[in-house]
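I opened the notebook to record what I looked up in this structure. The entries follow in the order I made them.

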Amino acid sequence: WWLPTPGAYWRTPEGLGSDVFADGRDEHPATHLSWRDVREFCRWAGKRLPTEIEWEYAARGGLEKRFFPWGNSEKNLHTRL
């Protein structure tokens, strides 16, 4: 499970002594990103973060006015998650 690791951030995900570039993981998904890291990357790339509404729409798979991907019913909620 997750434990705090001193010195861990996107470039040294296992802390001091690790390096995504030296370890050949520069094409892997980034980890240990803060909101500020992502915001600065977006500025650098000329992009932006999604708004809350855009994020919610994407998280629901494009479905609107539904609480859950299968509709608004909580029936069998524990078996669907």
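Is Glu14 buried, partly exposed or exposed? I looked up its relative accessibility and found 48%, so Glu14 counts as partly exposed. The cut-off for exposed is over 50%, and buried means under 20%. I note here that the model is predicted.

**Entry: salt bridges**

I searched the whole structure for salt bridges and got 6. I wrote down some of them.

One of these joins the side chains of Arg25 and Glu14, with N to O at 2.9 Å. Both Arg25 and Glu14 lie in the segment before H1, so the pair ties together parts that are 11 residues apart in sequence. I then checked how open Arg25 is. Its relative accessibility is 22%, so Arg25 counts as partly exposed.

Arg25 also meets Asp23 in a salt bridge between side chains, again listed at 2.9 Å, N to O. Asp23 has a relative accessible area of 42%, which makes Asp23 partly exposed.

I looked up Arg39 and Glu40 next. They form a salt bridge, and their closest N and O atoms are 3.4 Å apart. Arg39 has a relative accessible area of 25% and is partly exposed. Glu40 comes out at 38% relative accessibility, so Glu40 counts as partly exposed too. Back at the earlier bridges, I noted that shared partners join Glu14, Asp23 and Arg25 into one network.

**Entry: pockets**

Which residues line the largest pocket? I listed Trp10, Ala30, Leu33, Asp37, Val38, Phe41 and Cys42. The space in this pocket is about 230 Å³. Sorted by class, the lining has 6 nonpolar residues, no polar ones and 1 charged.

The second largest pocket has a volume of about 160 Å³. I found Trp10, Pro13, Val20, Phe21, Arg25, Asp26, His28, Pro29, Ala30 and Thr31 along its lining. By class, that lining divides into 6 nonpolar, 2 polar and 2 charged residues. Trp10 and Ala30 appear in the lining of the largest pocket and also in that of the second largest. Arg25, from the salt bridge with Glu14, is in the lining of the second largest pocket.

I kept one general remark beside this entry. Rolling a probe the size of a water molecule over the atoms shows where empty space is left.

**Entry: a nonpolar patch**

I looked for nonpolar residues at the surface. Tyr9, Trp10, Phe21 and Leu33 form a nonpolar patch there, and together they have about 390 Å² of accessible area. Phe21 is in the segment before H1. At 43% relative accessibility, Phe21 counts as partly exposed. I had already met Phe21 in the lining of the second largest pocket and Leu33 in that of the largest.

**Entry: backbone angles**

What is the phi of His32? I read a value near 60°, which is positive in a residue other than glycine. His32 lies in the segment before helix H1, and H1 covers 35-45. The relative accessible area of His32 is 36%, so His32 is partly exposed.

I noted a second positive phi at Gly61, about 70°, just after H2.

**Entry: helix H2 and the loop after it**

How many of the 8 residues of helix H2 are buried? The number is 0, so H2, which covers residues 52-59, lies largely in the open. Glu54 lies in this helix. With a relative accessible area of 32%, Glu54 is partly exposed.

I took two distances, C-alpha to C-alpha. Glu54 and Glu14 are 40 residues apart in sequence and 32 Å apart in space. Arg66 and Trp55 are 11 residues apart in sequence and 15 Å apart in space.

Arg66 is in the loop between H2 and helix H3, and H3 covers 77-80. The relative accessibility of Arg66 is 37%, so Arg66 counts as partly exposed.

Technical notes:
Residues are numbered from 1 along each chain as its sequence is written. This is a predicted model: local features need pLDDT of at least 70, side-chain atom pairs count only at pLDDT 80 or more; totals for chains, interfaces and linings use all residues. Side-chain values use heavy atoms; hydrogens and water are left out. On a 1 Å grid over the protein atoms alone, a cavity is a set of points where a 1.4 Å probe fits but cannot get out, and a pocket is an open set with protein on both sides within 12 Å along at least five of seven lines; lining residues have an atom within 4 Å of a point. Grid points are joined across faces, edges and corners, and a volume is the space filled by probe spheres set on the points. Ala, Val, Leu, Ile, Met, Phe, Trp, Tyr, Cys and Pro count as nonpolar, Asp, Glu, Lys and Arg as charged, and the others, Gly among them, as polar. Helices (H or I, at least four residues) and strands (E, at least two) are DSSP runs, numbered from the N terminus. Buried means under 20% relative accessible area, exposed over 50%, partly exposed in between (1.4 Å probe, protein chains only). Patches are made of residues with over 30% relative accessible area and no salt bridge: like charges are joined within 9 Å, nonpolar side chains (Val, Leu, Ile, Met, Phe, Trp, Tyr) within 5 Å. Accessible areas come from the Shrake-Rupley method with a 1.4 Å probe; for residues, only the protein chains shown count as cover. A salt bridge is a side-chain nitrogen of Lys or Arg within 4 Å of a carboxyl oxygen of Asp or Glu.
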